[in-house]
Amino acid sequence: MLPVARADSVSLGEGGTALVSLPSLASKLNIASVYGKDESRNPTGSFKDRLASSAVSAARAMGARVIASSSSGNAGASAAAYAARAGMPCIVFTFEGTVGAMVTQMRAYGALVISTRIKTDRWRFLEHGVRELGWFPTSPFFGPAVGSNPLGIEGYKTIAYEIAEALDWRVPEWCVLPVCYGDALIGMWKGFQEMLSWGWIDRVPRMVAAEIYGSFGARPRGGAPRGGLRGRGCGCVWRAGQYAGAGGGWRRAPRRARRNGRDARSDAPRPRPGAIRHRRVGPAGRGARDRSNADGWARSRSAVRCRHVRRANAR
């Protein structure tokens with residue numbers, strides 16, 4: 001049911017959180033019953049621990065050397081904690097303005113936290129580490145940022161299992177989840193789908209994504225979301241087969257995205273020199289050519305690295 005056997009798992013005791021009855025809210029909404037799943041009881045204080053446990057367990061089993069994430073909050077803290085548990089270095093890309101307490105939590109768990117001046121640059125630098133250096137990502141590394149590591153998403157199935165078990169295998173009518181990338185929602189839905197196929201439950205609840213981000217509302221009205229990356233608008237939702245492990249790293253599935261007859265990545269903006277607060281190493285020479293990997297995707301042209309990142313990758 002999960003990507004890695006129990007004996008090989010990286011765990012801090014996540015899961016098994018309380019399903020709490022909320023009678024006052026049920027009365028206010030004029031419905032029979034409402035339950036809340038208290039995910040704050042997880043080791044680092046959020047449901048992200050379920051994803052991190054599954055993703056880091058898979059990373060270690062595959063022989064990955066570095067855990068990497070792009071986060072401004074709980075996902076980065078969770079990745080750092082589970083990487084530390086696995087004895088692996090962790091690099092978290094965030095942006096200026098991230099809440100100080102979250103950065104402190106990431107660093108307390110031993111992560112190298114790198115802050116970019118431009119919010120979207122964190123995905124570009126993370127992508128460079130994943131494609132060029134073989135880092136194992138626990139979060140999206142290209143924009144628009146939707147979904148997450150498919151092996152990590154498997155960990156969210158346990159929320160569905162626990163809800164069904166707590167209710168004596170009678171599932172609720174609705175499940176409402178706060179979403180950002182939507183990874184927990186799809187993982188939870190998959191858990192219910194699996195139980196339905198095994199005959200453990202008789203139906204799948206209706207899933208509701210609760211989102212307050214302004215650009216989300218623009219999509220149904222036909223507008224483009226603000227802050228997206230040019231040339232990166234295809235293949236947003238991660239499927240189980242879209243990314244596969246290869247020699248401890250990750251490779252893109254052999255499918256080329258096209259836009260106006262060109263490779264969708266060809267006109268994507270490059271990382272900006274100086275956008276990261278570390279010195280630039282090995283600038284690309286004039287006339288340097290793009291190389292293409294075996295999957296047909298052009299490798300990143302960026303030569304922007306920081307000495308700390310190179311040191312972490314060499315461990």
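## Strand E7 and its partner

In this predicted model, strand E7 covers residues 174–178, and its side chains alternate between two faces. Cys-175 and Leu-177 point to one face and are buried. Trp-174, Val-176 and Pro-178 point to the other face and are not buried.

Strand E7 is joined to strand E8, residues 206–210, by 5 bridges, and the two strands run parallel. Within this pair, Val-176 of E7 stands opposite Val-208 of E8. Val-176 thus belongs to the face of E7 whose side chains are not buried, and has its counterpart in the neighbouring strand at Val-208.

## The four-stranded sheet

Strands of a sheet pair through backbone hydrogen bonds, in either a parallel or an antiparallel sense. An open sheet is formed here by 4 strands in the order E5-E4-E3-E6, with parallel pairing. Its edges are strand E5 (112–116) and strand E6 (136–137), each of which pairs on one side only.

Strand E3 (residues 67–70) and strand E4 (residues 90–95) run parallel and are joined by 4 bridges. Ser-70 has Phe-93 of E4 as its bridge partner. Strand E4 also pairs with E5 in the parallel sense, over 5 bridges, and here the bridge partner of Val-92 is Val-113 in E5.

Strand E5 is an edge strand. Nevertheless, 4 of its 5 residues are buried, so E5 is largely enclosed by the rest of the structure.

## Packing of helices H2 and H3

Two packed helices are described by the angle between their axes and by the distance between those axes. Helix H2 (residues 48–62) packs against helix H3 (residues 74–86) at an angle of about 40°, and the axes lie 9 Å apart. The two helices are therefore oblique to each other. The crossing in which H2 passes H3 is right-handed.

On the H2 side, the contact is made by Lys-48, Asp-49, Ala-52, Ser-53, Val-56 and Arg-60. On the H3 side, the contributing residues are Asn-74, Ala-75, Ser-78, Ala-79, Tyr-82, Ala-83 and Ala-86. Sorted by class, the contact of H2 with H3 comprises 7 nonpolar, 3 polar and 3 charged residues.

## Two buried hydroxyl residues: Ser-54 and Thr-17

Ser-54 is located in helix H2. The residue is buried, with a relative accessible area of 9%. When residues up to four places away in sequence are not counted, Ser-54 touches Pro-3, Leu-151, Gly-152, Glu-154 and Gly-155.

Thr-17 lies in the segment before strand E1 (19–21). Its relative accessible area is 7%, and Thr-17 is accordingly buried. With neighbours within four places in sequence left aside, Thr-17 is in contact with Lys-37, Asp-38, Glu-39, Arg-41, Asn-42, Arg-50 and Glu-162.

## The protein as a whole

The protein contains 10 helices and 12 strands. Of its 315 residues, 48% are buried; Thr-17 and Ser-54 are among the buried residues.

Contacts between residues at least 6 apart in sequence were also considered over the whole protein: 68% of them join residues at least 24 apart. The surroundings of Ser-54 offer an example of contacts with other parts of the sequence, including those to Pro-3 and Leu-151. For Thr-17, the contact with Glu-162 is one of those listed.

Methods:
Residues are numbered from 1 along each chain as its sequence is written. This is a predicted model: local features need pLDDT of at least 70, side-chain atom pairs count only at pLDDT 80 or more; totals for chains, interfaces and linings use all residues. Side-chain values use heavy atoms; hydrogens and water are left out. Axes are lines fitted to C-alpha atoms, for helices over the stretch in contact, and angles run from 0 to 180 degrees between N-to-C directions. Angles under 35 degrees count as roughly parallel, over 145 as roughly antiparallel, 65 to 115 as roughly perpendicular and the rest as oblique. A crossing is left-handed if the near helix is turned anticlockwise from the far one by less than a right angle, and right-handed if clockwise. Contact means heavy atoms within 4.5 Å. Ala, Val, Leu, Ile, Met, Phe, Trp, Tyr, Cys and Pro count as nonpolar, Asp, Glu, Lys and Arg as charged, and the others, Gly among them, as polar. Two strands pair if DSSP finds at least two bridges between them. Buried means under 20% relative accessible area, exposed over 50%, partly exposed in between (1.4 Å probe, protein chains only).
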